[in-house]
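Colleague: I am new to this one. Can you walk me through it, one question at a time?

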Number of protein chains: 4
Amino acid sequence: MKQSTAILLMHCPDQPGIIAMVTEFINVNGGNIIYLDQHVDVDQGVFFMRVEWELEQFIIPQDKIEDYFHTLYATKYQMYFRLYFKEYKPRMAIFVSKMSHCIYDLLARYTAGEWHVEIPLIISNHPDLENVGIRFGIPFHVFPVTKENKSEQEAAELALLKENRIDFLVLARYMQVITEDVINSYPNRIINIHHSFLPAFMGAKPYHAAFERGVKLIGATSHYVTTDLDAGPIIEQDIVRISHKDNVEALIGKGRDLEKIVLSRAVEKHIQRKVLTYKNKTVVFN
Amino acid sequence: MKQSTAILLMHCPDQPGIIAMVTEFINVNGGNIIYLDQHVDVDQGVFFMRVEWELEQFIIPQDKIEDYFHTLYATKYQMYFRLYFKEYKPRMAIFVSKMSHCIYDLLARYTAGEWHVEIPLIISNHPDLENVGIRFGIPFHVFPVTKENKSEQEAAELALLKENRIDFLVLARYMQVITEDVINSYPNRIINIHHSFLPAFMGAKPYHAAFERGVKLIGATSHYVTTDLDAGPIIEQDIVRISHKDNVEALIGKGRDLEKIVLSRAVEKHIQRKVLTYKNKTVVFN
Amino acid sequence: MKQSTAILLMHCPDQPGIIAMVTEFINVNGGNIIYLDQHVDVDQGVFFMRVEWELEQFIIPQDKIEDYFHTLYATKYQMYFRLYFKEYKPRMAIFVSKMSHCIYDLLARYTAGEWHVEIPLIISNHPDLENVGIRFGIPFHVFPVTKENKSEQEAAELALLKENRIDFLVLARYMQVITEDVINSYPNRIINIHHSFLPAFMGAKPYHAAFERGVKLIGATSHYVTTDLDAGPIIEQDIVRISHKDNVEALIGKGRDLEKIVLSRAVEKHIQRKVLTYKNKTVVFN
Amino acid sequence: MKQSTAILLMHCPDQPGIIAMVTEFINVNGGNIIYLDQHVDVDQGVFFMRVEWELEQFIIPQDKIEDYFHTLYATKYQMYFRLYFKEYKPRMAIFVSKMSHCIYDLLARYTAGEWHVEIPLIISNHPDLENVGIRFGIPFHVFPVTKENKSEQEAAELALLKENRIDFLVLARYMQVITEDVINSYPNRIINIHHSFLPAFMGAKPYHAAFERGVKLIGATSHYVTTDLDAGPIIEQDIVRISHKDNVEALIGKGRDLEKIVLSRAVEKHIQRKVLTYKNKTVVFN
C-alpha cells in the first residue's frame, strides 16, 4: 500500500476486444496490472470489469487519467466508469440508533487498522450510544427525529456530511427511514443492514415474522439504500441455522452476530472498490 | 433395530410434572427409554415430547399401549399424541414430473437400505421418468392431468394410494398443485420441496425471481403441504452461496443439489418419527 | 431473570429411571422445571442432563440443595454434578496479546449487557492493547513473560485471579502457552480460540499451513485448555470458504471474523452453564 | 453448446501484458471470448488463466490452434498450457467398492444429461454394486484385488482403461489404495473423495477418529490422487455441523451426503475444464 495504485471500475455494452484494449492501454503506458476481474452478463449484454494497476511507472499523470480514459475509450464504447486511487482514504459516516453490536464491529476494525477508511463522525437519532463515540474518540452527533422536524433534521445532517466531505454512509441498525433527499445525495453509497434474508421479511420486525412463519434459517442482508424500502441492490447475505428451540429473543441474539458480520463484509467490499451496481443488482468482485 | 421399540410423539398444554409422569409410566412398566427429547414453547404454553423405549420387557401388550396411555393420561392432560412402532415400515409414495434429481436421491437411499421405509409406487403426471421406475423395480403410474380431468385423476390416484396402504407422500419436484381432497386425506403427511428459501419467492419460477432480485444466496425448503400454496409447516431449509457470475441456468444447477438434500433430510426425519407439527410450525427433534 | 433459578449439570452411568427420579425430586419439592435437556452416550454408557428450575416455590433452601442432592442421589447413582444459581454472575478474566478483534467482540457484548457475566480484569503479556481496557473501563494488567520469569509471572497472575475471585479465563488470541499450574487451577474453565479447524493445523501459524496445503475452507476452534496443546475438549467450531484467490493475508482477515464469533459462542455457552465435559469431549446443550 | 468453443487453460511466470497478448491473439483471429478468468499467485509469481472462445469465425483451423499457440507464445513465455474443445466429451471411468451413495449421485447426473461426459465403464474390486451398472446400462468390471494379484490386476485395469480411451478416473469411495503405475498414467486426472476435512483425519476410519476427537464439524474433501496418500491437490471441501448427539453411525450417515455432493462438485469442475493444478494446489475457476 506504500505506492499508489489506480482502480478502474467500469461497465459497458459487451463487445469483443474490450479487455485487450483496456489492458493494452495500461500496459503500453507503463502501468503494471496487479488485479483484473471481469464479468459478462450475457442476458443483459453488459461487460463489467475491475482492473487495478501500479502507478509508479505510469506515464499519464494521475490527475489526467480520468480525462484520457474518457476521451480515448469511454465515449466510444459507451462505458460507465469510475476511477479511484488507493492512496485516498474514503470517508465514511456511521448512522446508529440504540443497538450497539454493528457499530462496535465497525469501530473495532477501524481502530485496529483493518480498513483503509476514515470515520470522521457518527450520527444518531438517539443519545443512547454517545458513549461509543466517546470511547473511540469520534464525534457523535444527535439529531432527534420527529414527524414534524424530519426534513429539517435531515437537511442539517446533509450539511454536516458535506462539511465533513463524507463519501458514503453506513446505517448500522439505524431504525429510521432515510428520505429521498439523503438517498439522492448518496446514490449507491448508503449501505444498510436488514435483519432478514431479503426479499423475505421486508419491513419491521423480521425476527418476529420469521419466528411466526417457523423458518429453519434466519438471515441478514446488506444492501445499498434506494427509495424502495429494503429493495435496493444486495451486496452480501448470510444465514444461520435455527431450530424450534429458539424463541424470538434467541433469534434476535443469533441475528446480531449475522448482522454485524454481513454489514462489515459489505462495507469492506465497498471500501475496496469491489462493488459495481447495475440495474438494482451488484457485481461484487473477489 | 432387531427388537421393536415404541415411539411416542405428543404435545399438550405445558404444566409441571409431565416428563416425570410419562417417564415413570414407561419405567414402572418395564420399558427402557433409549431416547427422550422435549421442548416447551413458552409463548404458546405447549409442551412437546418424543420418547422411545424398548418393548422387550414392557408389560403392556403392544396393541394395548395406545389405549392405556389414552385412558390414563391423554384425556386428563389434553394430550395430542401418536404412537409408532419401529418394526413397522411406513409406506411412502413418490410423486414426480420431469426432473429426476430428487427421485434418484430418494431411491438411491432406499435401495441402499438407508431408510426404514417401503416405496410401493411412483405416481407421475408425465411418462418421462418411467425408466427410473423400471430401473429400481418400482411400479410407475402415469396420471396425465388436465384442467378437465384433474378431480377424476386425483380420485384415481387416491384410490391407488389407499389400495397400497400408503402412509405419506413425497412430492419430488411434482409440478402440479395438489388439491384439497388429497391434502385432507394426508394431513401433515405430504412432503414437498420448494426451490427457494421460503417465504421468499413463493410460487412459480423462484430461481428466475432470485436472479432478478440479485440475491447472494439461493435456498430450498421442504414443508408439509397444506391448502395454502407454499405456506405449510417448514421441516427443513438450506441455502447455497451464489454470485453475480451465476446466471439462471447456474442457479437451477446449484439448486438441484440443495433440493434433493433438503428433501431427503425432511423425508428422513419424517420416517424416523421426529417431526411434530403444531399451528403451522414444526418441532424437529434431533 | 428477575427471580433466581437453579441449574443442575450432571452425568452418571446410564440406567433406567434417572430422568423420572430427578424431575420428580424437583417437582415434589415445588420446583417448576423450565428447561431440561439430556443425552445418552450409548457407547460409553453415560447419561448427561441439564435441568433448570425456578426456585420461588422450592421448599429446599438454596444453600442446602447441593447437600440434599448429594445425599439423596449423587452417591447412590455415582453422579458427577454441579449446581449453579442464575442470580450469580460468573467472573471472567480475559487474556490477550496484540490482536484486538476477539477482545473487542467480547467487550462489545459485555458492555451491551448481552451476557450475565462480570469482567473484572484483563491480563496481557504486552502493553499494546492497554487502550482497550481504558476504553471499556476495565483494569488492564501487563505481565511481560520471558523464559526466565514465566513461572514467577504466572504465579503473580494466579494470585491476581484469585484475589478477584475469577471463575474462568478466556484466552482471546493470547499468544503464550499457559503452563500446568494455571491449567490445573482452572480445569475445564480456560477457553481458548485456535485459528484452525482442529485437529488440522495444530500449533503455530495455522493460516500459513492452510495456505500451503491449499485447503478450500479455513476454520476456528474454541476449546477448553488442557496440558495437551490444542488438544482439549472442543466447544465450538466453524469454517469459512476460501479460494485460490486468497493469500495468507486474506486468510488471516477472513479468519478474524471466524475466530471472534466462534470464541464468543463458546464463552456464551459456558456462561449459560450449557457445557459439560467428559473424557476430553463436550456435551453442549442448546 | 451447439457450436464448438476452445478452452485454454494456462499458467506461466507472471509478467505484464499476458492478458492483453492472449486476448488480442484470439480477437484478431476472429474468436469471440465468452469467458475469461485469471489469477496471479503473487507469492509464487505465477499467472493462471482460463479463456474460452467461440470457434465459428476463428480463422485458425481447430487442429492447428495448439501448434500456433505453442509456436507464437508458449515457448516465449514459458507457458504450460492445455487446449480443449467443448464438442469433445471427456471419457470418465468410475471406481467403486461397496458403498453406493457416490456412484448413484454421479450416475443420476450423468443419466439426466447434466454433464458433458461419457461414462463407458465402472471398475470395482467387489461384485456388490454390479446391479448399479446393470440399472444404468454401463459395463461393470470386477477386478478382485489381493496382495498377491494387485499389480497384475492393476495392469489389466490399465489396459481396459486405455482400450476405452478413458480420460480421467473417479474414485467413488473406492476402498483400495491405487498404486503408482495407475497414478502416473493419469496425473492430476484421478479424483478421489476422502471422508474428512483434510488434512485432519487422513487415512482409514476418519469418522471414528472425528467422533473420538469430539469435533463439532465433519467434512469431506475431493482431491487429485498423488502417490502421497490423501495429500494430493484439493479441489473441493465442505463440512456439516454435528453435535454430541451424533454417534459414529450418525456421522457416517451425515457424511454420505457431504461426500457425494463434494465429489460431484469436483467432477463437474474437472469436466468443465475449470481446474488448474500447480505445485500440489489447485486453481478452481468459477
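Modeller: Yes, and note that this is a predicted model. We begin with symmetry. Chain C can be laid on chain A by a turn of 180° and a shift of 0.0 Å along the axis, with an RMSD of 0.0 Å.

Colleague: Which residue of chain C has its C-alpha nearest the axis?

Modeller: The axis is that of the 180° turn laying chain C on chain A. In chain C, the C-alpha nearest to it lies 2.6 Å away and belongs to C:R135.

Colleague: What percentage of the contact residues of chain C recur in chain A?

Modeller: The same surface serves both copies. The share of contact residues of chain C that recur in chain A is 100%.

Colleague: What relation links chain B to chain A?

Modeller: Chain B is laid on chain A with an RMSD of 0.0 Å, by a turn of 180° and a shift of 0.0 Å along the axis. That is the relation of a two-fold axis.

Colleague: Which residue of chain B comes closest to that rotation axis?

Modeller: Take the C-alpha distance to the axis. At 2.2 Å, the closest of the residues of chain B is B:A200.

Colleague: How is chain A divided, and how many salt bridges are counted between its domains?

Modeller: The domain assignment gives domain 1 (5–85) and domain 2 (91–284). Their centres, taken over C-alpha atoms, are 31 Å apart. The contact takes 12 residues from domain 1 and 9 residues from domain 2. Between these two domains of chain A, the salt bridge count is 0.

Colleague: How much area is buried between these two domains of chain A?

Modeller: Carbon and sulfur atoms give 70% of it. The area buried between domain 1 and domain 2 of chain A is about 980 Å².

Colleague: Which element gives the most residues to the largest nonpolar core?

Modeller: That core has 97 residues. B:M92, B:L107, B:V267 and D:V267 have the most contacts inside it. With 8 residues, the element that gives the most is helix 8 (residues 248–271) of chain D.

Colleague: How many residues are in the second, separate core?

Modeller: Its members include A:C102, A:I191, C:I94 and C:A220. The size of this second core is 68 residues.

Colleague: Is A:S100 buried or exposed?

Modeller: A:S100 sits in the loop between strand 5 (91–96) and helix 3 (101–111) of chain A. Leaving aside residues up to four places away in sequence, A:S100 touches A:L129 and C:A112. The cut-off for buried is under 20% relative accessible area. A:S100 has 11% relative accessibility, so it counts as buried.

Colleague: Which residue of chain B forms a salt bridge with D:K260?

Modeller: The pair crosses between chains, from helix 8 of chain D to helix 3 (residues 101–111) of chain B. Both partners are buried. The closest N and O atoms are 2.4 Å apart, and the partner of D:K260 is B:D105.

Colleague: Why does the salt bridge of B:R256 and D:E114 join two chains?

Modeller: The side chains meet at 3.2 Å, N to O. D:E114 lies in the loop between helix 3 (101–111) and strand 6 (118–124) of chain D, and B:R256 in helix 8 (residues 248–271) of chain B, so the pair joins two chains.

Colleague: Where do D:E236 and C:R241 lie?

Modeller: Their side chains meet in a salt bridge at 3.2 Å, N to O. This pair also crosses between chains. D:E236 is in strand 11 (residues 234–241) of chain D, and C:R241 is in strand 11 (residues 234–241) of chain C.

Terms used
Residues are numbered from 1 along each chain as its sequence is written. Chains are lettered from A and ligands numbered from 1 in the order in which they are written. This is a predicted model: local features need pLDDT of at least 70, side-chain atom pairs count only at pLDDT 80 or more; totals for chains, interfaces and linings use all residues. Side-chain values use heavy atoms; hydrogens and water are left out. A nonpolar core is a set of buried Ala, Val, Leu, Ile, Met, Phe, Trp, Tyr and Cys residues joined through side-chain atoms within 4.5 Å. Buried means under 20% relative accessible area, exposed over 50%, partly exposed in between (1.4 Å probe, protein chains only). Helices (H or I, at least four residues) and strands (E, at least two) are DSSP runs, numbered from the N terminus. Copies are superposed by least squares on the C-alpha atoms of residues with pLDDT of at least 70 in both. Domain bounds come from an automatic or database domain assignment. Contact means heavy atoms within 4.5 Å. Buried area is the accessible area (1.4 Å probe) that two parts lose on being put together, summed over both. A salt bridge is a side-chain nitrogen of Lys or Arg within 4 Å of a carboxyl oxygen of Asp or Glu.
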